[in-house]
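Biologist: Please take one part of this model and go through it closely, residue by residue where that helps. I would like a single connected account rather than a list.

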Amino acid sequence: MKPSSLMTSLGRAVVPMALTFAAGSMCAQTTPTLSGDTLIKAGTLKQVTGEVWIRRDTAPRQAAAPGTALVPADRLETGPKGSASVVMRDGTTLTLGPDSAMRLDQFAFDATTQHGNFLLDLLQGSVRVVTGLLAKVNPDVFKVRTPTSVVGVRGTDFIVDAEPAR
């Protein structure tokens, strides 16, 4: 069975690729890119303080705001007085500190089986991670990479600091 296409107000087709039930209704978890492609939403920015930007594809960075979707390969950056909090679809919470940059290299989550993968690339600065279902069900698939190491996660609440690559 092929899923039906939805049309945006601009006439672009949006094909739901992952579905979830929220408050008794079915909601598509997809986000269109600037080129019109559809990506699976990995998480949502919940809180933004100071200067926070998001880079998607090859587009210039744009100011981020609460409610902005985060998709795999997005880069999130904060200024000297900036911070951002993201809640992922599996319930993981990421809090990016000032002067920080991270890229969500991999994220997949199947709400039915609670399986998937997570790879966060902390390019510089700090991030606090409170893990969700992915790390609880299968900690081997939850990883944080810095310019000098890759960390497999075995805890539920931790902070990682990284200096920029030289």
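**Strand 14 and its surroundings**

Modeller: In strand 14, Met 102 is the bridge partner of Leu 76. The model is a predicted one, and every value below is computed from it. Leu 76 belongs to strand 11, residues 75-78, which pairs with strand 14 in the antiparallel sense over three bridges. Strand 14 also pairs with strand 15, again in the antiparallel sense, here over nine bridges. These two strands form a hairpin with four residues between them. Gln 114, in the turn of that hairpin, has a positive phi of about 60°.

Within the hairpin, Phe 107 stands opposite Phe 118 in strand 15. The structure holds two aromatic pairs. Phe 107 and Phe 118 form an edge-to-face pair, with 6.2 Å from centre to centre and 85° between the planes. Phe 107 lies in strand 14 and Phe 118 in strand 15, so this pair ties together parts that are 11 residues apart in sequence. Phe 107 is buried because its relative accessible area is 9%, under the cut-off of 20%. Phe 118 is buried as well, with a relative accessible area of 1%.

Phe 118 also pairs with Phe 142: the ring centres are 4.1 Å apart and the planes are at 0°, so this pair is stacked. Phe 142 lies in strand 16 and Phe 118 in strand 15, so the stacked pair ties together parts that are 24 residues apart in sequence. Both Phe 118 and Phe 142 are buried. Phe 107, Phe 118 and Phe 142 form one aromatic cluster.

The pairings above can be set against the nonpolar core. The largest nonpolar core has 27 residues. Those with the most contacts inside this core are Leu 76, Met 88, Leu 94, Met 102, Phe 107, Phe 118 and Val 127. The bridge partners Leu 76 and Met 102 are thus both on that list, and so are Phe 107 and Phe 118. Elements that give two or more residues to the core include strand 14 (101-110), strand 15 (115-130), strand 16 (142-145) and helix 1 (133-137). Strand 8 (52-55), strand 12 (83-88), strand 13 (93-96) and strand 18 (157-162) are also among them. The largest share, five residues, comes from strand 15.

Met 88 shows how these parts meet. Leaving out residues up to four places away in sequence, Met 88 touches Ala 42, Gly 43, Leu 70, Leu 94, Leu 104, Phe 107 and Phe 118. The list includes both rings of the edge-to-face pair.

A further residue to place relative to strand 14 is Thr 146, in the loop between strand 16 and strand 17 (150-152). Thr 146 and Met 102 are 44 residues apart along the chain, and their C-alpha atoms are separated by 9.3 Å. Thr 146 is buried, with a relative accessible area of 9%. Apart from neighbours within four places in sequence, Thr 146 is in contact with Leu 122, Val 160 and Ala 162.

On the other side of the bridge between Leu 76 and Met 102, the chain leads into strand 11 through a loop from strand 10 (69-70), and Ala 73 sits in that loop. Phi of Ala 73 is near 85°, a positive value in a residue other than glycine. Most residues other than glycine have a negative phi. Ala 73 is partly exposed, with a relative accessible area of 48%. Asp 57 has a positive phi too, of about 55°, and is placed in the loop between strand 8 and strand 9 (62-63). One more contact involves a ring: Arg 61 lies over the face of Trp 53, at 3.7 Å from the ring centre.

Some totals put this part in context. The protein chain has one helix and 18 strands. Of its 166 residues, 37% count as buried. Among contacts between residues at least 6 apart in sequence, 46% join residues at least 24 apart. The accessible surface of the chain comes to about 9200 Å², with 54% belonging to carbon and sulfur atoms.

Technical notes. Residues are numbered from 1 along each chain as its sequence is written. This is a predicted model: local features need pLDDT of at least 70, side-chain atom pairs count only at pLDDT 80 or more; totals for chains, interfaces and linings use all residues. Side-chain values use heavy atoms; hydrogens and water are left out. A nonpolar core is a set of buried Ala, Val, Leu, Ile, Met, Phe, Trp, Tyr and Cys residues joined through side-chain atoms within 4.5 Å. Buried means under 20% relative accessible area, exposed over 50%, partly exposed in between (1.4 Å probe, protein chains only). Contact means heavy atoms within 4.5 Å. Accessible areas come from the Shrake-Rupley method with a 1.4 Å probe; for residues, only the protein chains shown count as cover. Two strands pair if DSSP finds at least two bridges between them. Rings of Phe, Tyr and Trp (its six-membered ring) pair if their centres lie within 6.5 Å; planes under 30 degrees apart count as stacked, over 60 as edge-to-face and the rest as tilted. A charge sits over a ring if NZ of Lys or CZ of Arg is within 6 Å of the ring centre and within 35 degrees of the ring normal.
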